[in-house]
Amino acid sequence: MFTESKNDIVNSYIHDLPDSIRELFLTVRGTILDAAGELEESIKWKNCLVYTAKRNIIQTVVGKEKISLIFFDGATIQDSYSLLEGDGKQTRTMRISSMDFNAEALRGYVAQAVQLAGDK
């Protein structure tokens, strides 16, 4: 069971996820939405759930055994948990592969990403 999105395409995307990753995906999604309820959800680039707040802030990529969260302004996020990967000019990625992921860190990253989106 999951909280329905306002976007029917997102709901279809979630329903079509493999059973092996759906529970983790829903838990990660719930953590993101709890951290910033004002986010909009959409499917972009055919198979990525993207969260927006005035503009794209997080792209979700689902793999066989993990979920990658790409923060578009990740290079400017304060990463006190050292969980963000990458060295590009702007993006950073948080990879989640189990239910015992650091939800506190994720909530903090989401809150910072939303604030950064509003600042630009």
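Two rings of Phe, Tyr or Trp count as a pair if their centres lie within 6.5 Å. The legends below describe close-up views of a predicted model.

**View 1. Ring pairs join Phe-71, Tyr-81 and Tyr-109 into a cluster.** The structure holds three aromatic pairs. In one of them, Phe-71 and Tyr-109 meet edge-to-face, with 6.0 Å from centre to centre and 75° between the planes. Phe-71 belongs to strand β4 (residues 67-71) and Tyr-109 to helix α3 (residues 103-119), so this pair links distant parts of the chain, 38 residues apart. Both Phe-71 and Tyr-109 are buried. A pair of aromatic rings is described by the distance of the centres and the angle of the planes.

**View 2. Tyr-81 and Tyr-109 form an edge-to-face pair.** The ring centres of Tyr-81 and Tyr-109 are 6.4 Å apart and the planes stand at 85°; because planes over 60 degrees apart count as edge-to-face, the pair is given that name. Tyr-81 lies in the loop between β4 and β5 (92-96), while Tyr-109 lies in helix α3, so the pair ties together parts that are 28 residues apart in sequence. Is each ring of this pair buried or partly exposed? Tyr-81 has a relative accessible area of 32% and is therefore partly exposed, whereas Tyr-109, with 1%, is buried.

**View 3. Strand β2 (residues 48-52) is largely enclosed by the rest of the structure.** The reason is that five of the five residues of β2 are buried. In a regular strand the side chains alternate between the two faces of the sheet. In β2, Cys-48, Val-50 and Thr-52 point one way, and Leu-49 and Tyr-51 point the other way. The residues on both sides are buried.

**View 4. Strands β1 (residues 40-44) and β2 run antiparallel.** Five bridges join β1 to β2. Opposite Tyr-51 of β2 stands Glu-41. The two strands form a hairpin with three residues between them. Which residue of this hairpin takes a positive phi? That residue is Trp-45, with a phi near 55°.

**View 5. Strand β2 also pairs with strand β3 (residues 56-62) in the antiparallel sense.** Four bridges hold this pairing. Val-50 has Gln-59 in β3 as its bridge partner. β2 and β3 make a hairpin, again with three residues between the strands. In the turn, Lys-54 has a positive phi of about 75°.

Technical notes. Residues numbered from 1 in each chain as written. Predicted model: local features only at pLDDT ≥ 70, side-chain atom pairs only at ≥ 80, totals over all residues. Heavy atoms only, no water. Phe/Tyr/Trp six-rings, centres within 6.5 Å; stacked < 30°, edge-to-face > 60°. Buried < 20%, exposed > 50% of the residue type's maximum accessible area, 1.4 Å probe, protein only. Pairing = 2+ DSSP bridges.
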